[in-house]
Amino acid sequence: MDGVKTPELTRTDPGTAPDGQPVPAIELVGIAKRFHSRRGVVAAVEQVDLTIGEGEFFSLLGPSGCGKTTTLRMIGGFEEPTEGQILLYGKDVVGVPPNHRDVNMVFQSYALFPHMSVFDNVAFGLRRKSVDGTEVKRRVDDMLDLVQLEGKSDRRPRELSGGQQQRVALARALVNRPRALLLDEPLAALDLKLRQAMQIELKRIQREVGITFIFVTHDQNEALTMSDRLVVMNAGRIEQLGAPREVYERPRTRFVAGFIGTSNLLTGTVASMDGSTAVIDTGADEELTAPEAASVGAEAGQTLDMTVRPEKILITPDRPAAGRCAIRGRVSEIVYLGTSTQYAVKTTDGSDLLVFLQNASDSRDIAERGQDVWLSWRPEHTLPLAPSTAAPATEEEDA
Ligand code: ATP
């Protein structure tokens with residue numbers, strides 16, 4: 001964004017540990033949160049350990065009820081953990097109220113004051129801290145520039161679109177110069193187009209201000225496109241942590257494989273192990289190998305879950321060349337998606353696999369509904385899966 005000055009935020013010294021390494025922005029150590037209700041105890045978060053670096057765009061991703069909001073609220077100080085430590089820049093903040101933590105939270109509902117102008121909404125926190133009037137004007141104007149709302153400072157929230165209201169909420173949270181911003185599904189109320197535009201905007205703002213963003217979402221695409229790193233949560237626990245590409249290309253468990261991307265699950269019996277590669281028995285003429293199977297503890301005779309991403313699979317009428325994983329099936333559905341076509345194939349071992357093929361300019365229909373075909377892929381794209389680490393959501397009776 002040319003011509004807009006990046007407002008100065010608290011890029012204060014992150015501090016260093018005795019070994020000279022920078023202190024992480026946020027650390028969760030052995031965090032658990034249990035809620036007591038009339039029906040018993042709800043284990044919302046269990047055994048969460050997490051280290052988030054300064055300036056990271058970090059997402060907590062998972063289905064409804066997996067504990068992501070509770071985790072974020074504990075970092076913000078809106079909930080206290082039942083067990084464990086929360087360190088912000090190396091200091092334990094358990095018991096410290098939200099307004100004394102160096103973080104700020106942006107909610108899905110924006111929570112703007114309806115009777116105040118955009119300017120006054122953003123200035124609110126500064127005025128409460130008795131910041132000098134000229135300084136308030138300078139900082140609020142800088143923030144409104146940053147979120148591209150210059151010229152809208154006199155408007156009331158109801159005179160703005162949803163996306164603009166979300167920008168006001170962002171400006172209001174950033175103007176206090178927090179060291180980290182906590183965002184709880186901030187784009188969920190926006191329609192798809194606006195949400196996609198705001199994803200790009202949020203990323204730009206985070207890059208410009210350079211502070212840590214912790215972003216809660218149940219939308220895998222949102223988490224994959226925006227995050228430097230993310231965790232996938234399941235039933236209160238971390239199922240996998242990594243960069244988006246890592247989590248997509250190498251899901252560790254069946255849960256992650258199913259939650260991120262399209263779930264193409266295969267199950268087979270390990271016929272033999274050849275070093276770390278499992279040779280999987282699926283039926284006559286067919287060949288499946290999983291090169292990294294030893295990493296999930298596969299042994300001959302065991303059942304192994306695997307996944308293969310739909311864009312890695314080829315469909316051919318004839319048996320593919322040796323060396324590829326190959327399985328037979330019958331096309332059950334074909335869906336034209338514009339840039340790609342999706343084929344649903346029922347395999348001879350009873351799995352339902354999806355295949356995505358790009359609609360290139362020279363592509364033609366490669367199979368018809370009801371046609372018998374071969375599906376094939378390179379062995380390294382057979383991803384062996386470990387059992388889920390998460391216990392089912394607990395709801396115990398009170399003793
Ligand atoms: P969503 O996307 O639906 O907000 P989430 O992943 O953010 O879900 P949490 O809101 O953290 O999940 O909730 C985790 C679990 O804790 C759920 O089972 C929820 O019902 C429970 N829970 C959350 N807050 C409370 C509370 N104040 N009292 C009792 N149970 C709660």
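Hi everyone, this is a short walk through the sheets, the nonpolar core and the empty spaces of one protein structure.

Please keep in mind that this is a predicted model, where local features need pLDDT of at least 70, side-chain atom pairs count only at pLDDT 80 or more, and totals for chains, interfaces and linings use all residues. Residues are numbered from 1 along each chain as its sequence is written, and side-chain values use heavy atoms, with hydrogens and water left out.

Let's begin with the strands. When I say helix or strand, I mean a DSSP run, numbered from the N terminus: H or I over at least four residues for a helix, E over at least two for a strand. Two strands pair if DSSP finds at least two bridges between them.

One open sheet has 6 strands, in the order β6-β7-β8-β3-β9-β10, and its pairing is mixed. At the edges sit β6 and β10 (237-242), each pairing on one side only. On average, neighbouring strands here are turned by 20° against each other, direction ignored; for such angles, axes are lines fitted to C-alpha atoms, for helices over the stretch in contact, and the angles run from 0 to 180 degrees between N-to-C directions. Look at β7 and β8: they run parallel and are joined by 5 bridges. Ala 180 stands opposite Thr 212 in β8.

Now find the other open sheet, with 5 strands in the order β13-β12-β11-β14-β20 and antiparallel pairing. Its edge strands are β13 (288-290) and β20 (383-385). Neighbours in this sheet are turned by 50° on average, again with direction ignored. Inside it, β11 (residues 265-274) pairs with β14 (residues 303-307) in the antiparallel sense over 5 bridges, and Leu 266 stands opposite Met 306 in β14.

Next, the core. A nonpolar core is a set of buried Ala, Val, Leu, Ile, Met, Phe, Trp, Tyr and Cys residues joined through side-chain atoms within 4.5 Å, and buried means under 20% relative accessible area (1.4 Å probe, protein chains only). Which residues touch the most other members of the largest nonpolar core? They are Val 140, Leu 170, Leu 181 and Phe 213, out of 35 residues in that core. Elements giving two or more residues to this core include α3 (133-146), β7 (180-184) and β8 (212-217). The most comes from α4, with 6 residues.

Finally, the empty space. On a 1 Å grid over the protein atoms alone, a cavity is a set of points where a 1.4 Å probe fits but cannot get out, while a pocket is an open set with protein on both sides within 12 Å along at least five of seven lines; lining residues have an atom within 4 Å of a point. Points are joined across faces, edges and corners, and a volume is the space filled by probe spheres set on them.

The largest pocket has a volume of about 780 Å³. Of its 29 lining residues, Asn 99, Asn 104, Gly 125, Arg 128 and Asn 176 lie nearest its centre. The elements giving two or more residues to that lining are β6 (103-106), α2 (118-128) and α4 (162-174).

How many cavities of 30 Å³ or more are there? The count comes to 2. The largest cavity has a volume of about 40 Å³, and its lining includes Glu 287, Arg 319 and Pro 320. The second largest holds about 30 Å³ and is lined by Glu 249, Arg 309, Lys 312, His 381 and Leu 383.

Thanks for listening!

Definitions and conventions
Buried means under 20% relative accessible area, exposed over 50%, partly exposed in between (1.4 Å probe, protein chains only).
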